[in-house]
Amino acid sequence: MEITIIRKQGNVIHFLAEGIDVAFANALRRTMLTRLPAMAVDEVLVVENTSVMYDEMLAHRLGLVPLVTDLESYNLPEDCDCDGRGCALCQVTLTLEKEAEEEELLVCSGDMVSQDPKVVPASNDIPLVKLAPHQRLIIEAYARLGKGVENAKFQPVSTVSYKYVPIVQVDKDKCNNCGDCVEVCPKNILLVENDTISTQNTLDCSLCEACVEVCEPGAIVIDSKSDSFLFRVESSGALAPETIVEKSAELLKERIRLALDYANSL
Ligand SMILES: [Zn+2]
């Protein structure tokens, strides 16, 4: 598999994977979604909650806050020497202590204080609960590494998608240069250049074939490569998107090796 990064913008990365089939592309997508560990709040101790929100609802909201993950310093609980009971190598404590005075107060993810400055909410602006005057919240939350296969809150990605690499061909003999295809293309792939139709940014093509429908039969042919895929990976903020791709490829390679070893041992 050959990977070419097309663009990276904040938490989103677009890359081209060549020399793979659709089954492998999907395996890579599913590995990113379900097998790559990320930190999330998993246990919550509610010391005091006089807000209108139930403890369970608050715990659910805390669990869904993406936390910046440090994969090097923490173990998965099942791999930890403490046997998953929770120690400094597999658990991080975050505390939340807020009281509204005379005014209403919106408590956000950024109000959580982590014992490890590297494991903090990926965004400080996620609303958790609104406190009315004199309502109070004292919470201790325990975060740990987990995988998306166990619970979606551990997914390090918001979305992962891929599409076939488009091939857009214009047959200049059949084209009458009416320009209708330029008008209908939602991605502005086609343009009129020197009185003929030419193409630009073909990787943006969504294969909708709107151009084929308005055009002379056979003048525009839309096809796709069967061994190349364009991926779009959006991180939740837990890990850098390039780390997600790199680590998932390593994990997939390891899982394939284990499967082959097992098959050979039969
Ligand atoms: Zn431990």
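The following exercises, each with a worked solution, concern a predicted model of a single chain.

**Exercise 1. Overall form**

Task: Determine whether the chain is a compact globule or more spread out, and describe its division into domains.

Solution.
Step 1. The chain contains five helices and 12 strands.
Step 2. The radius of gyration is 25 Å, whereas the globule rule gives 18 Å for 266 residues; the value is well over that figure, so the chain is more spread out than a compact globule.
Step 3. The C-alpha trace spans about 75 × 65 × 25 Å along its principal axes.
Step 4. The domain assignment places residues 2–34 and 159–231 in domain 1, and residues 38–150 in domain 2. The C-alpha centres of domain 1 and domain 2 are 42 Å apart.
Step 5. Of the 266 residues, 27% count as buried. Among contacts between residues at least 6 apart in sequence, 71% join residues at least 24 apart.

**Exercise 2. Helix H1**

Task: Check the length of helix H1 against its expected span, and establish where its buried residues lie around the axis.

Solution.
Step 1. Helix H1 covers residues 22–34, which is 13 residues. At 1.5 Å a residue the expected span is 18 Å, and the end C-alpha atoms are 18 Å apart, so the two agree.
Step 2. The buried residues of H1 are Ala25, Leu28, Thr31 and Met32.
Step 3. Viewed down the axis of H1, these buried residues fall within an arc of 120 degrees, so they line one face of the helix. An α-helix has 3.6 residues a turn, so residues three or four places apart point the same way.
Step 4. On the face of H1 turned away from the buried side are the exposed residues Val22 and Ala23.
Step 5. The cover over the buried residues of H1 includes strand S2 (12–18), strand S9 (157–170), strand S12 (220–235) and helix H5 (241–265).

**Exercise 3. Helix H5**

Task: Repeat the span check for helix H5, and identify what its buried residues pack against.

Solution.
Step 1. For the 25 residues of H5, 1.5 Å a residue gives an expected span of 36 Å; the end C-alpha atoms are 36 Å apart, so the expectation is met.
Step 2. Pro241, Ile244, Val245 and Ser248 are the buried residues of H5.
Step 3. These buried residues pack against S1, S2, H1, S9 and S12.

**Exercise 4. Strand pairing around S2**

Task: Trace the pairing of strand S2 with S1 and with S12, naming a residue pair in each case.

Solution.
Step 1. Strand S1 (residues 2–9) runs antiparallel to S2, and seven bridges join them. Ile5 has Phe15 of S2 as its bridge partner.
Step 2. The hairpin of S1 and S2 has two residues between the strands, and Gly10 there takes a positive phi near 60 degrees.
Step 3. S2 also pairs with S12, in the antiparallel sense and over seven bridges. Leu16 stands opposite Leu230 in S12.
Step 4. Ser228 is also placed in strand S12. Ser228 is partly exposed, with 18 other C-beta atoms within 10 Å. Leaving aside neighbours within four places in sequence, Ser228 is in contact with Leu16, Ala17, Glu18 and Val165.
Step 5. Ser228 and Met1 are 227 residues apart in sequence, yet their C-alpha atoms are 9.3 Å apart in space.

**Exercise 5. The four-stranded open sheet**

Task: Give the strand order of the open sheet and decide which strands stand at its edges.

Solution.
Step 1. The order is S3-S8-S4-S6, with antiparallel pairing.
Step 2. Strand S3 (38–49) and strand S6 (113–114) each have a single partner strand, so they stand at the edges and one side of each is left without a neighbour in the sheet.
Step 3. Strand S4 (residues 92–99) pairs with S6 over two bridges in the antiparallel sense. Thr95 stands opposite Val113 in S6.

**Exercise 6. Positive phi outside glycine**

Task: For Asp83 and Glu209, state the backbone angle phi, the location and the exposure.

Solution.
Step 1. Asp83 is not a glycine, but has a positive phi of about 60 degrees. The residue is found in the loop between helix H2 (55–63) and S4. Asp83 has 11 C-beta neighbours inside 10 Å, so it counts as exposed.
Step 2. Glu209, likewise not a glycine, has a positive phi of about 65 degrees. Glu209 lies in the loop between strand S11 (196–199) and helix H4 (210–214). With 13 other C-beta atoms within 10 Å, Glu209 is partly exposed.

Terms used
Residues numbered from 1 in each chain as written. Predicted model: local features only at pLDDT ≥ 70, side-chain atom pairs only at ≥ 80, totals over all residues. Domains from an automatic or database assignment. Rg over C-alpha atoms; globule rule 2.2 N^0.38 Å. Buried ≥ 20, exposed ≤ 12 C-beta atoms within 10 Å, placed from the backbone. Contact = placed C-beta atoms within 7 Å. Expected span 1.5 Å × (residues − 1). Arc of directions from axis to C-beta. Pairing = 2+ DSSP bridges.
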